[in-house]
Each structure stands twice: as structure tokens, then as C-alpha cells.
Amino acid sequence: MLSTVTIRCAKVNALLVHLGRATSALASADRNHKHIKKNETFEQFRQLIEHHYIEHWSVSDYASQIGMTESKLYVLCKKMTDQTPSKIIQQRLLIEAKRNLVYTIKPINVIAYELGFQDPAYFSRFFNQQTGISARDFAAVIKSNDHLHSGIQMTSNTIGINIH
């Protein structure tokens with residue numbers, strides 16, 4: 001017959017195995033919850049950008065609205081996109097600038113003001129820094145349908161037009 005000690009040891013071992021499995025399942029569920037929470041927070045950031053990019057909010061403004069620090073927002077953005085919050089905001093503004101340059105006949109200074117720039121010269125510097133080409137040259141090349149030979153590449157993405 002098995003001794004009482006042996007039976008108790010077997011029961012304790014079975015209990016430990018069960019406890020280990022339960023702990024592993026909880027840890028996995030916790031990781032899934034954290035991943036879902038990160039996705040939701042990042043999506044909240046993107047939605048805020050959609051509503052406020054023309055207002056030129058700072059990263060601090062976005063972080064405050066989400067309820068986190070700038071450094072946590074930075075870490076989140078880097079994990080999700082390998083880009084900084086500032087870069088994500090700038091890209092959204094740039095997409096809208098390109099859209100306006102491609103699909104409207106508005107003068108560049110009007111586009112600049114509509115995108116929240118108080119000085120068209122600052123918009124021109126912003127556009128040139130982001131693309132390597134002036135807004136005026138970009139619009140001229142695109143509207144002349146000469147972008148196939150100019151080195152400007154047009155691709156689409158999920159956000160909209162991304163013209164490099």
C-alpha cells in the first residue's frame with residue numbers, strides 16, 4: 001500500500017501542476033489584454049490626430065488627452081510603428097498637404113493657412129523638409145503628369161495618398 005506521505009506528495013504535485021497551468025493561462029491572458037490595450041490606446045492617438053492635426057497640437061497635448069506621459073506615448077508609437085509621435089503627426093499633415101496639392105487648384109498659401117500654418121513660408125519649409133521637393137515643384141510635376149519621369153513616386157496606403 002502507498003503511504004499517506006506518498007499520496008499527499010502526489011496530490012501536492014498535481015496541485016502544483018494545475019496551479020502552474022492556471023498561472024500560465026493568466027499570464028497569457030494578461031499579455032493579450034496589454035496588447036489589446038496598446039492597440040486601443042494607439043488607435044485613440046490616431047483618432048485624435050485625425051481630429052486635431054490642423055490645430056498643430058503638440059505631442060504633450062495628445063499624451064495629455066490620452067491620459068499618459070509623452071515618454072509613454074513615445075514608447076507606444078515606437079513599438080507600434082517604429083516611428084515617433086511627432087513623425088506620425090507630421091505624416092498626417094503631409095498627406096493632407098499632398099492631397100490638396102494633387103486634387104485642388106488652391107494656391108499654396110491658401111493650402112498652408114487651411115492646414116493651420118500661420119506662415120506660408122513655414123509650410124513651404126515643412127513640405128520641403130519632409131519630401132525633399134518644394135510644394136510648388138511637387139504640384140507642378142504632379143499636375144503636368146510628368147511624375148513618371150521626375151523621380152517622384154506615387155503609391156497608395158491605408159491612410160490615403162502617400163506621394164514621396
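These exercises work through aromatic contacts and backbone angles in a predicted model.

**Exercise 1.** Classify the aromatic pair of Phe117 and Tyr122 as stacked, tilted or edge-to-face.

*Solution.*
Step 1. The structure holds 8 aromatic pairs. Phe117 and Tyr122 form one such pair, at 5.5 Å centre to centre.
Step 2. Their planes stand 50 degrees apart. Stacked needs under 30 degrees, and edge-to-face needs over 60.
Step 3. The pair is therefore tilted.

**Exercise 2.** For Phe117 and Tyr122, decide on burial, then find the cluster they belong to.

*Solution.*
Step 1. Phe117 has a relative accessible area of 3%. Buried means under 20%, so Phe117 is buried.
Step 2. Tyr122 has a relative accessible area of 44%, which makes it partly exposed.
Step 3. Both belong to one aromatic cluster, together with Phe123, Phe126, Phe127 and Phe138.

**Exercise 3.** Find the ring under the charged end of Arg92.

*Solution.*
Step 1. Start from the charged end of Arg92.
Step 2. The charged end sits over the ring of Tyr53, 4.3 Å from the ring centre.

**Exercise 4.** Place His56 and Asp82 in their loops, and give phi and exposure for each residue.

*Solution.*
Step 1. His56 lies between helix H1 (4-52) and helix H2 (59-66), in the loop. Its phi is positive, near 60 degrees, though His56 is not a glycine.
Step 2. At 34% relative accessible area, His56 is partly exposed.
Step 3. Asp82 is in the loop between helix H3 (70-81) and helix H4 (85-103). Asp82, also not a glycine, has a positive phi of about 60 degrees.
Step 4. Asp82 has a relative accessible area of 58%. Exposed means over 50%, so Asp82 is exposed.

Note on methods
Residues numbered from 1 in each chain as written. Predicted model: local features only at pLDDT ≥ 70, side-chain atom pairs only at ≥ 80, totals over all residues. Heavy atoms only, no water. Phe/Tyr/Trp six-rings, centres within 6.5 Å; stacked < 30°, edge-to-face > 60°. Buried < 20%, exposed > 50% of the residue type's maximum accessible area, 1.4 Å probe, protein only. Lys NZ or Arg CZ within 6 Å of the ring centre and 35° of its normal. Helix = DSSP H or I, 4+ residues; strand = E, 2+ residues; numbered from the N terminus.
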